[in-house]
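Student: I have the sequence and the 3D view open, and I would like to practise reading them. Could you take me through a few features?

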Amino acid sequence: MKTYDVIIIGGGPAAIVTGMTIKRFFKGKSVLMIKEEADGLVPCGIPYIFYLLANDSEKNKMGPKPFVDLGGEVIVGKAAKVDKEEKVVSIESGDLFGYDKLVFATGSLPVVPTFIPGYDLQNVFYMKKSFPYIHNLASQINRFKNVVTVGGGFIGAEVAEQLSAAGANVTLIESEPLCFSRAFSPELSSIATEALKGTKMKVLTSALVKEIVGENGTVQQVMLADGSRIDADAVILSIGYTANSKLAKEAGIELNRYGDIHVDHYGRTTAKDVCAVGDCAQTYGFLTGRSDVIKLASTATAEARTLGHNLFGIRIKKCTAGTLGVFSTEIDGLAMAASGANDKNAREWGVDLISAKFSSPDRHPGSLPGVSNLTVKLYASPVDGSILGGEAWGGKSVGEIINVISLAIQKSVTVFELVSFQVGTHPLLTASPVNNPIIRAAEEIVYKMTS
């Protein structure tokens, strides 16, 4: 039996970044990655293989090469058992591997609604973060004329938009009154839902699936709670993800109430020398300090870097008080993003907010070709003006603007400090320095607080 300093179970973004960080900063440590499938994929890129990537899942492939290039080892196989007392991992082939430190990076699995009759019919698909599964789906999706997608969150809505752009007759079903409502404020959720409705697809909100109707074992229709039926050659369900924590649970590792592996701020479980990171691991809300469910590759890689640096002793202090969900998407050319608190979740959390927004062209002058109108909305504490959340929508610059706002939240920057925020500008790259949306939104909050 070969023994390693570190064994990582999993092969997604969290596993790869953990392995790379360890090999880069602890060059002498031996690290083995055990992954179930030879090929991986970029999770957030899944929707785009259906149109923008021309139905070619190979273009969305991701593997552990950067980790291997640093001296890491990879075995393709399924981990079958972990003995945390003997510090041994066994895989289905029967091979055994010993470890000093163990990292669960087993990711997440799509929610399967077993309570809906017909959930397991042929041509009912789920957005599994599996390259072979998605590759198979992409290879046959063009033969389906009528596609029903269930779930108006990021993956579900993006898949629906891409399939519609590719020519399919798509119906998107969302149980809430608005799409993206778990991440966006009501205002931005409404804007996003209207953007979806502006495409060729049909969008049904406040709609519940009662049954997936089949014939000879193959899906034919989707029946809603109101009795209406929608013809369907294929149904794609994207209604959330749960931690892939079965192996950890069987090993006696503590889970939280959501089924995530319980960890501290450094990714350490309650078992000696066992850690967890990524979608399988517990997160703590940045503002609430309570257990949260945020399963994003961006979050996973941030946590993985912290874990990798601190696996052999605390070297880099955990610099954030919890996980801050930072979300972004683009629907029909409209980019939208959010971070932290908003009107809706602040009420749920019991957080007081004051907000303001500002819109301006994202280039200057606004007559330049390719200009988009950019809106930034900031949410701040009415007590000290610290930034608690933000949203932005408009052109592609939104993706990086929300990252600036995210840093402001994490570092407790106030609206008073943003008023004197020194920025670089260029006519072809940014909004006017006179009307920078972040600064002007902050200035409006200052006005509300002081007038």
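Tutor: Happy to! Keep in mind that this model is predicted. We can start with a β-α-β unit, which is right-handed and made of β11, helix α4 (residues 154-165) and β12.

Student: In which sense do β11 and strand β12 pair?

Tutor: Look at β12, which covers residues 169-173. There, V170 is the bridge partner of V147. Five bridges link β11 and β12, and the sense of the pairing is parallel.

Student: And which residue of β17 is the bridge partner of V147?

Tutor: Strand β17 spans residues 234-237, and four bridges join β11 to it, the two running parallel. In β17, the bridge partner of V147 is A234.

Student: Is strand β11 largely enclosed or not, and why?

Tutor: N146, V148 and V150 point one way from β11, while V147 and T149 point the other way, and all are buried. Buried means under 20% relative accessible area. Because five of the five residues of β11 (residues 146-150) are buried, the strand is largely enclosed by the rest of the structure.

Student: Let me move to S245. Is S245 buried or exposed?

Tutor: You will find S245 in the loop between β18 (241-243) and α6 (246-250). Its relative accessible area is 8%. The cut-off for buried is under 20%, so S245 is buried.

Student: Which residue has its backbone oxygen 2.6 Å from a polar atom of the S245 side chain?

Tutor: Leaving aside neighbours within four places in sequence, S245 is in contact with L255, G259 and I261. The backbone oxygen lying 2.6 Å from that side-chain polar atom belongs to G259.

Methods:
Residues are numbered from 1 along each chain as its sequence is written. This is a predicted model: local features need pLDDT of at least 70, side-chain atom pairs count only at pLDDT 80 or more; totals for chains, interfaces and linings use all residues. Side-chain values use heavy atoms; hydrogens and water are left out. Buried means under 20% relative accessible area, exposed over 50%, partly exposed in between (1.4 Å probe, protein chains only). Contact means heavy atoms within 4.5 Å. A polar contact is a pair of N or O atoms within 3.5 Å; within protein, one must be able to donate a hydrogen and the other to accept it, and residues adjacent in sequence count only if both atoms are side-chain atoms. Two strands pair if DSSP finds at least two bridges between them. A crossover is right-handed if, with the strands pointing away from the viewer, the path from the first strand over the helix to the second runs clockwise.
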